[in-house]
Amino acid sequence: MARRPEDRAMTMTLSSPAFPPGGTIPKAYTCDGHNVSPPLAWSGVPPRAGALLLACEDPDVPRGVFRHWVAFDLPPSFDGLPEGAGAADSGHVFRQAVNDFGHVGYGGPCPPPGDPPHRYVFRLLALDRPLGAAVTARAPTCAEVLALARPHVIATTELVGRYGRSPRR
């Protein structure tokens, strides 16, 4: 779907009080900590947005992109999510996909020990409509949801954090 001039005039932003853009993601939000999703805040959602989608991906894995989280059909009135919103069983008003760890919800950064720090890209997409019934799989994967969302994106923003693990001793 083509972007309208009024959508281009809006600038969506995505941030976290837990880490600055390009900064280190605190251990609590990783596999080495509590493995809960970080608090996130956003603004500038286009007025015609019908839903939001939030994704977290690691583009630094050797075999491509590792998908840590996709939450979709978030109400466009939301201006963020609290810490731990990515838990699979917390009774959300939105849906979550199966991540590349094989479970629903958020799976925190967990690069191989000794790798240079990986980038974790949190991406917020404003969609022209909720995905709803288009997501027919009972437990869709992150990749499936992102593919279904692609033609409905009207605006995007991202926040990148980094995380690395010391070599095992």
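Strands here are DSSP runs of E, at least two residues long, and are numbered from the N terminus. With that convention in hand, Glu-57 is placed in strand 3, and this residue makes a convenient starting point for a tour of the model, which is predicted.

Glu-57 has a relative accessible area of 11%, so the residue counts as buried, the limit being under 20%. Which residues surround Glu-57, once neighbours within four places in sequence are left aside? The contacts are Val-65, Phe-66, Arg-67, His-68, Arg-119, Tyr-120, Val-121, Arg-123 and Leu-146. Two arginines in this list also meet the Glu-57 side chain through polar contacts: the side chain of Arg-123 at 2.9 Å and the side chain of Arg-67 at 3.3 Å.

The pairing of Glu-57 with Arg-67 is also a salt bridge, with an N to O distance of 3.3 Å. Because Glu-57 belongs to strand 3 (residues 51-61) and Arg-67 to strand 4 (residues 64-74), this salt bridge ties together parts of the chain that are 10 residues apart in sequence. The two partners fall into separate accessibility classes: Glu-57 is buried at 11%, whereas Arg-67 is partly exposed, its relative accessible area being 22%. The pair also belongs to a wider arrangement, since a network of salt bridges links Glu-57, Arg-67, Arg-123 and Glu-158 under the cut-off of 4 Å between a side-chain nitrogen of Lys or Arg and a carboxyl oxygen of Asp or Glu.

How many salt bridges does this rule give? The count comes to five. In general terms, side chains of opposite charge can pair when their charged atoms come close. Strand 3 takes part again through Asp-60, whose side chain meets that of Arg-119 in a salt bridge with an N to O distance of 2.6 Å. This pair links distant parts of the chain, as Arg-119 sits in strand 7 (residues 118-127) and Asp-60 in strand 3, 59 residues apart. Both ends are partly exposed, Arg-119 with 32% relative accessibility and Asp-60 with 26%. Arg-119 is thus a salt-bridge partner of Asp-60 and also appears among the contacts of Glu-57.

Another salt bridge joins Arg-165 and Asp-32, with the closest N and O atoms 3.0 Å apart. Here too distant parts of the chain are linked: Arg-165 lies in the segment after strand 8 (153-163), while Asp-32 lies in the loop between strand 1 (13-15) and strand 2 (40-43), and the two are 133 residues apart. Asp-32 is partly exposed, with a relative accessible area of 30%.

Which covalent link involves the residue just before Asp-32 in the numbering? A disulfide joins Cys-31 to Cys-110, with an S to S distance of 2.2 Å, and a search of the whole structure finds one disulfide. The link is right-handed, with 80 degrees about the S-S bond. Because Cys-31 lies in the loop between strand 1 and strand 2, and Cys-110 in the loop between strand 6 (95-96) and strand 7, the bond ties together parts that are 79 residues apart in sequence. Cys-31 is partly exposed at 29% relative accessibility, and Cys-110 is likewise partly exposed at 31%.

Cys-56, by contrast, is in no disulfide, and the nearest cysteine sulfur, in Cys-142, is 9.4 Å away. Why does Cys-142 not form a bond with Cys-56? The sulfur of Cys-56 is the closest cysteine sulfur to that of Cys-142, but at 9.4 Å the separation is too far for a bond; a disulfide needs the two sulfur atoms within 2.5 Å. Both cysteines are buried, Cys-56 with a relative accessible area of 0% and Cys-142 with 0% as well.

The backbone also deserves a brief look. Most residues other than glycine have a negative phi. Asn-35 has a positive phi near 55 degrees and is placed in the loop between strand 1 and strand 2, the loop that also holds Cys-31 and Asp-32. At 30% relative accessibility, Asn-35 is partly exposed. Asp-73, also not a glycine, has a positive phi of about 60 degrees. Asp-73 is found in strand 4, the strand of Arg-67, and is buried, with a relative accessible area of 16%.

Methods:
Residues are numbered from 1 along each chain as its sequence is written. This is a predicted model: local features need pLDDT of at least 70, side-chain atom pairs count only at pLDDT 80 or more; totals for chains, interfaces and linings use all residues. Side-chain values use heavy atoms; hydrogens and water are left out. Helices (H or I, at least four residues) and strands (E, at least two) are DSSP runs, numbered from the N terminus. Buried means under 20% relative accessible area, exposed over 50%, partly exposed in between (1.4 Å probe, protein chains only). A polar contact is a pair of N or O atoms within 3.5 Å; within protein, one must be able to donate a hydrogen and the other to accept it, and residues adjacent in sequence count only if both atoms are side-chain atoms. Contact means heavy atoms within 4.5 Å.
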